[in-house]
Amino acid sequence: MRSKGIPEEDLFSFLQSTKLQDKNHRFILSSMCTIPHPVAVRAHALFMETNLGDPGLFPGTASLERTLISRIGTLFHHPDACGYATTGGTESNIQALRIARATAGIASPNVVIPESAHFSFKKACDMIGVEMRSVPLTRDYRVDCERYLESVDANTCCMVGIAGTTEYGMVDPIRSLAAYARKEGIFFHVDAAFGGMVLPFLKGAPEFDFSLPGVMSIAVDPHKMGMSTIPAGCLLLRNEKDLCSLSVDTPYLTVKQEFTLSGTRPGGSVAGALAVLEYLGYEGMAAVVEGCMKNTRRLINGMESYGIRPVVTPDVNVATFKAPESPVPSPWQVSYTRNNHLRIVCMPHVHAGIIEAFLEAIGEQYA
Ligand code: 0PR
């Protein structure tokens with residue numbers, strides 16, 4: 001490093017000019033994250049130095065984490081759900097699989113996941129040394145229930161369903177999978193990292209949460225549709241004893257045991273996540289989600305008018321299209337699925353005006 005520091009103004013002009021290399025959110029249509037809500041930013045700043053890894057030092061911040069879990073538990077039809085704030089979907093999924101393995105006590109366990117599962121499950125299975133069985137999807141991009149159940153056997157420690165798939169925005173047949181898992185006594189985890197902050201606010205949305213008795217844990221990310229600052233994920237458990245199966249002793253801390261994966265944990269983004277839910281309330285969140293769904297439908301209709309066909313009708317605000325031959329004009333940032341379908345996530349920052357500007361650019365390119 002430098003032997004002598006540089007003046008603060010020089011430092012910040014360097015940081016600001018470097019930030020200009022980042023893509024402008026106006027053109028980012030590929031991300032499941034968004035510009036954080038102003039109240040999240042304000043709350044995060046207020047709790048910048050707090051560390052939930054030693055909650056006895058920050059009992060106020062720790063109480064915000066409990067409130068966050070309780071608010072989301074209630075939203076997911078289980079006010080007594082327990083859980084904690086993770087760094088995001090990856091950590092939540094890793095922890096859910098660790099719990100499933102620990103509580104099943106199977107010598108060579110396997111985990112059954114849909115082919116559409118996020119790559120964090122591959123990381124999780126690799127880390128904890130369990131076999132990963134991946135089940136193909138039906139033509140509507142939901143997991144094939146029949147083939148799923150064929151993959152489950154006496155060594156299955158965990159079944160996984162996705163509520164809002166990363167690539168196509170679909171919800172798996174969670175009710176059927178949960179019922180089977182319950183009957184067989186298998187731990188069932190729902191990855192609602194994206195859909196968990198969308199589906200509860202939509203009328204007639206498919207069921208995915210603790211209202212289904214087989215669902216044992218749910219991953220949901222406030223740093224996606226919850227508009228909080230990064231990193232903010234949550235892992236919720238139906239039963240506290242399952243979470244406690246991960247407890248390790250932490251003799252010199254203010255609490256004597258912890259079940260989290262990270263040690264030092266940010267309080268700032270937890271305050272940010274709760275701030276958004278408190279500030280907007282159910283109605284405010286529903287308005288944001290409805291707006292995103294409306295924009296998704298408008299995008300699909302607009303693209304169709306140029307002959308660009310959607311792949312599926314998504315359950316959440318992720319739109320996919322049979323990709324045109326030539327690339328989407330710059331500076332628009334879109335993504336492509338593993339099947340080379342054009343994918344656009346209609347996050348809150350992708351407002352109606354942006355959709356229209358994008359459609360105009362697409363019209364000039366392809367019409
Ligand atoms: N589960 C699902 C269903 C997800 O979609 C994601 C991430 C995860 C788990 C993992 O969450 P974390 O990344 O928080 O650990 N989905 C996005 C993706 O991989 C994340 C993302 C966000 C990627 C913004 C790019 C980006 O610009 O596509």
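# Sheets, helices and loops

Trainee: N340 is found in a loop. Which two strands does the loop lie between?
Mentor: Helices (H or I, at least four residues) and strands (E, at least two) are DSSP runs, numbered from the N terminus. By that count, the loop that holds N340 lies between β11 and β12.

Trainee: Is this model predicted or not, and which residues count?
Mentor: Residues are numbered from 1 along each chain as its sequence is written, and side-chain values use heavy atoms, leaving out hydrogens and water. Local features need pLDDT of at least 70, side-chain atom pairs count only at pLDDT 80 or more, and totals for chains, interfaces and linings use all residues, since the model is predicted.

Trainee: Is phi of N340 positive or negative?
Mentor: Most residues other than glycine have a negative phi. N340 is a residue other than glycine, yet its phi, near 65°, is positive.

Trainee: In what order do the strands of the three-stranded sheet run?
Mentor: Two strands pair if DSSP finds at least two bridges between them. The sheet is open and its pairing is antiparallel. β10 (318–322) and β11 (335–336) each have a single partner strand, so they stand at the edges, one side of each left without a neighbour. The order is β10-β12-β11.

Trainee: Which residue of β12 is the bridge partner of F321?
Mentor: β10 and β12 (residues 341–345) run antiparallel, joined by five bridges. In β12, F321 has as its bridge partner L342.

Trainee: Which helix lies across β10 and β12?
Mentor: Angles run from 0 to 180 degrees between N-to-C directions, with axes fitted to C-alpha atoms, for helices over the stretch in contact (heavy atoms within 4.5 Å). The helix covers residues 268–305 and runs at about 10° to β10. This is α9.

Trainee: Why are the buried residues of α2 on the same side?
Mentor: Buried means under 20% relative accessible area, exposed over 50%, partly exposed in between (1.4 Å probe, protein chains only). In α2 (residues 38–46), the buried residues are A40, A43 and H44. They share a side because the directions from the helix axis to their C-beta atoms cover an arc of only 100°.

Trainee: Which residues are exposed on the other side of α2?
Mentor: The buried residues of α2 have α9 as part of their cover. The other side has the exposed residues P38, R42 and L46.

Trainee: How many nonpolar, polar and charged residues make up the contact of α2 with α9?
Mentor: The two helices pack at an angle of about 145°, with their axes 7 Å apart. From α2 come V39, A40, A43 and H44, and from α9 G268, S269, A271, G272, A275, V276 and Y279. Ala, Val, Leu, Ile, Met, Phe, Trp, Tyr, Cys and Pro count as nonpolar, Asp, Glu, Lys and Arg as charged, and the others, Gly among them, as polar. The contact divides into seven nonpolar, four polar and no charged.

Trainee: Which are the edge strands of the seven-stranded sheet?
Mentor: This open sheet has mixed pairing and the order β1-β7-β6-β5-β4-β2-β3. Its twist averages 20° from one strand to the next. Pairing on one side only marks the edge strands, β1 and β3.

Trainee: Which residue of β7 stands opposite Y84?
Mentor: Five of the five residues of β1 (residues 82–86) are buried. β1 pairs with β7 in the antiparallel sense, over five bridges. T86 stands opposite G233 in β7. Y84 stands opposite L235.

Trainee: At what angle to β5 does α4 run?
Mentor: α4 covers residues 89–104. It lies across β1, β2 (110–114), β4 (156–162), β5 (187–191), β6 and β7. Its angle to β5 is about 175°.

Trainee: Why does H223 count as buried?
Mentor: H223 lies in the loop between β6 (215–220) and β7 (233–237). Beyond four places in sequence, H223 touches residues including M32, C33, T87, I230 and P231. H223 counts as buried because its relative accessibility is 9%.

Trainee: What is omega of the cis peptide bond that joins S330 and P331?
Mentor: Most peptide bonds are trans. One cis bond joins I230 and P231, with omega about 0°; P231 has its place in the loop between β6 and β7. P331 is found in the loop between β10 and β11. For the cis bond of S330 and P331, omega is about 5°.
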